Amino acid sequence: MSQQTSAPVLPTQAPAQKTPLFSLDNRYIAPAFITCILLAGHLSFGILESYQKTLLAIVTSIGLELVLARIFTSKYVLRVKGRHIWNPSNFGISVMLFLAAETVATLSIQWGNYLLPMLVIWALGSVIIWRLRRFHITGIYVASFIAFAFIRSWMTGSPWQSEIAPITGPMYQLFIFFMITDPKTTVRSKRGQCLVVFLVAVVEMVLRLDQTVYAPFYALFVVGPTAMLIEIWLESRRANATKLTVAQ
């Protein structure tokens with residue numbers, strides 16, 4: 001009888017995945033989008049003092065961040081149990097407004113009645129946030145803001161259009177697309193994220209009723225870290241309870 005030897009089975013190789021011709025690292029999405037907002041705002045309304053001073057500020061910020069990164073390992077310096085507490089941009093802007101409100105100028109609250117630039121920015125921002133799977137945060141905040149705008153209009157007697165108008169400005173573009181959606185400074189669960197951003201809108205409404213101009217920044221400055229600290233505390237309690245159960 002002749003014995004048939006089976007041929008060795010060679011491992012099949014998975015087909016090589018094609019690298020997209022055009023791809024953008026998520027780390028560069030926010031800076032690229034913010035740059036587009038600044039350029040659009042300056043070309044339309046001249047919001048920048050000068051190109052030279054703006055470039056100097058950007059280069060200085062990059063250089064300072066590179067130096068501090070060598071010392072603190074990250075721009076997220078304020079941490080509790082390894083978790084980041086404040087969004088860096090929100091923290092920096094809020095502190096400057098607290099300490100030197102008369103000499104600090106943020107992006108204008110409104111850009112006039114030009115609808116097309118706003119539609120472009122909102123479309124691009126929505127695509128970016130959808131890609132990052134954090135559109136629910138932006139959506140809940142926008143819906144809450146509009147609902148509270150009608151409530152403020154009813155309470156104060158002001159036109160509802162004037163109450164909704166601020167959300168069309170550049171300050172809010174950065175706020176709703178990047179500050180409140182920052183993965184490192186939001187709670188873990190999707191339901192928790194929706195609740196926190198709703199509470200941000202609630203606190204903002206209260207501050208607006210008190211005639212606070214930069215209400216969204218201050219609201220996030222208070223609500224965001226509070227939510228993070230509560231989550232850290234709850235996780236610590238659960239971890240301790242698990243250790244006790246295992247020990248028993």
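**A tour from Glu204 outwards**

Begin by selecting Glu204, which is buried at a relative accessible area of 1%; here buried means under 20% relative accessible area, exposed means over 50%, and partly exposed covers the range in between, with a 1.4 Å probe and protein chains only. Before going on, note that this is a predicted model, in which local features need pLDDT of at least 70 and side-chain atom pairs count only at pLDDT 80 or more, while totals for chains, interfaces and linings use all residues. Residues are numbered from 1 along each chain as its sequence is written, and side-chain values use heavy atoms, with hydrogens and water left out.

Add Arg208 to the selection: Arg208 and Glu204 form a salt bridge, their closest N and O atoms being 3.3 Å apart. A salt bridge is a side-chain nitrogen of Lys or Arg within 4 Å of a carboxyl oxygen of Asp or Glu, and by this rule the count comes to five. Because Arg208 and Glu204 are four residues apart in helix H8, about one helical turn separates them. Helix H8 spans residues 190-209; helices (H or I, at least four residues) and strands (E, at least two) are DSSP runs, numbered from the N terminus. Arg208 is also buried, at 17% relative accessibility, and, leaving aside residues up to four places away in sequence, Arg208 touches Phe145, Arg152, Pro166, Tyr172, Val213, Ala215 and Pro216, where contact means heavy atoms within 4.5 Å.

From that list, select Arg152 next, which is buried with a relative accessible area of 2%. Its salt-bridge partner is Glu163, with the closest N and O atoms 2.8 Å apart. Glu163 lies in helix H6 (residues 160-164) and Arg152 in helix H5 (residues 135-156), so this pair ties together parts that are eleven residues apart in sequence. Glu163 counts as buried as well, at 14% relative accessibility.

Now display helix H7 (residues 170-179) together with helix H9 (residues 215-247), which pack at an angle of about 25° with their axes 10 Å apart. That makes H7 roughly parallel to H9, and the residues in contact are Met171, Tyr172, Phe175 and Met179 on H7, with Pro216, Phe217 and Leu220 on H9. Axes are lines fitted to C-alpha atoms, for helices over the stretch in contact, and angles run from 0 to 180 degrees between N-to-C directions; angles under 35 degrees count as roughly parallel, over 145 as roughly antiparallel, 65 to 115 as roughly perpendicular and the rest as oblique.

Staying with helix H9, select Glu235 and Arg83, which form a salt bridge with the closest N and O atoms 3.2 Å apart. This pair links distant parts of the chain, since Arg83 belongs to strand S2 (residues 83-84) and Glu235 to helix H9, 152 residues apart. Arg83 is buried at 12% relative accessible area, whereas Glu235 is partly exposed at 24%.

For the last selection, turn to helix H2 (residues 51-72), where Leu68 lies and is partly exposed, with a relative accessible area of 34%. Leu64, Val67, Leu68 and Ile71 make a nonpolar surface patch of about 370 Å². Patches consist of residues with over 30% relative accessible area and no salt bridge, like charges being joined within 9 Å and nonpolar side chains (Val, Leu, Ile, Met, Phe, Trp, Tyr) within 5 Å.

Finally, show the whole chain, which has nine helices and two strands in the order α-α-β-β-α-α-α-α-α-α-α. Of its 248 residues, 33% count as buried.

Conventions:
Areas by Shrake-Rupley, 256 points an atom, 1.4 Å probe, with all protein chains shown as cover.
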